[in-house]
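Please look through the sequence and the model below before reading on. The paragraphs that follow begin with charged side chains and then turn to the strands and the residues packed among them.

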Amino acid sequence: MHSDFSSLTHQIAAIPRWQRGGQLVEITSTSILATGLNEAAHLGDQVIITDAAGTPRQGEIVALDTRGATLMTYGDSRGLAVGDAVML
């Protein structure tokens, strides 16, 4: 007996993936502190930071502590603000 799973495969692929999100709470010239990620975050995880204009920026978790996750962006961090969204 032969089954065609292509329809099921497409339906599964269309299901949104679970993501953990947080927000920026502190920004300095060298690092960014985000809350809301600690339970799911690991050192070295990549993140997407989205500013108020909707522009996404890539970054990485470089430290974790009881206050939150410390991030560094891969590019320019100018324009980021406290309250901007961050997703794992």
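In this predicted model, arginine 78 has a relative accessible area of 66% and therefore counts as exposed. Its partner is aspartate 76, with which arginine 78 forms a salt bridge whose closest N and O atoms lie 2.8 Å apart. Aspartate 76 itself is partly exposed, because its relative accessible area of 43% falls between the limits of 20% and 50%. Elsewhere, Glu26, Asp65 and Arg67 are joined into one network by salt bridges that share partners.

Within that network, the closest N and O atoms of aspartate 65 and arginine 67 are 4.0 Å apart. Aspartate 65 is partly exposed at 34% relative accessibility, and arginine 67 is likewise partly exposed, with a relative accessible area of 48%. A further salt bridge brings together the side chains of arginine 57 and aspartate 51, at 3.0 Å from N to O, and here both residues are buried. Over the whole structure, the search finds four salt bridges.

The strands give the setting for much of what follows. Six of them close into a barrel in the order E1-E2-E5-E4-E3-E6, with antiparallel pairing. Neighbouring strands of this sheet are turned against each other by 45° on average, when direction is ignored. Strand E1, residues 21–27, pairs with strand E2, residues 32–35, in the antiparallel sense over four bridges, and in this pairing isoleucine 27 stands opposite isoleucine 32 of E2.

Strand E3, which covers residues 46–50, can be followed in both directions. On one side, five bridges join E3 to the antiparallel strand E4, residues 56–65, and glutamine 46 has glutamate 60 in E4 as its bridge partner. E3 and E4 form a hairpin with five residues between them, and glycine 54 in the turn has a positive phi of about 90°. E3 also pairs with strand E6, residues 85–87, in the antiparallel sense over three bridges, where threonine 50 stands opposite alanine 85.

Which residues of E3 lie on its covered face, and which on the uncovered one? Val47 and Ile49 make up the covered face, whereas Gln46, Ile48 and Thr50 belong to the uncovered one. This arrangement can be read against a general rule, namely that side chains in a regular strand alternate between the two faces of the sheet.

Two residues show how the strands are packed against other parts of the chain. Isoleucine 61 lies in strand E4 and counts as buried because its relative accessibility is 1%. Leaving out residues up to four places away in sequence, isoleucine 61 touches Ala41, His42, Leu43, Gly44, Asp45, Val47, Ala69, Thr70, Leu71 and Leu88. The C-alpha atoms of isoleucine 61 and leucine 33 are separated by 9.5 Å, although these residues are 28 residues apart along the chain. Threonine 70, in strand E5 of residues 68–73, is also buried, at 15% relative accessibility. Apart from neighbours within four places in sequence, its contacts are with Ser31, Ile32, Leu33, Glu60, Ile61, Val62 and Ala63.

Finally, there is a nonpolar patch on the surface, of about 320 Å², made by Phe5, Leu8 and Ile12. Leucine 8 lies in helix H1, residues 6–13, and counts as partly exposed because its relative accessibility is 44%.

Key
Residues are numbered from 1 along each chain as its sequence is written. This is a predicted model: local features need pLDDT of at least 70, side-chain atom pairs count only at pLDDT 80 or more; totals for chains, interfaces and linings use all residues. Side-chain values use heavy atoms; hydrogens and water are left out. Buried means under 20% relative accessible area, exposed over 50%, partly exposed in between (1.4 Å probe, protein chains only). Helices (H or I, at least four residues) and strands (E, at least two) are DSSP runs, numbered from the N terminus. Two strands pair if DSSP finds at least two bridges between them. Patches are made of residues with over 30% relative accessible area and no salt bridge: like charges are joined within 9 Å, nonpolar side chains (Val, Leu, Ile, Met, Phe, Trp, Tyr) within 5 Å. Accessible areas come from the Shrake-Rupley method with a 1.4 Å probe; for residues, only the protein chains shown count as cover. Contact means heavy atoms within 4.5 Å. Axes are lines fitted to C-alpha atoms, for helices over the stretch in contact, and angles run from 0 to 180 degrees between N-to-C directions.
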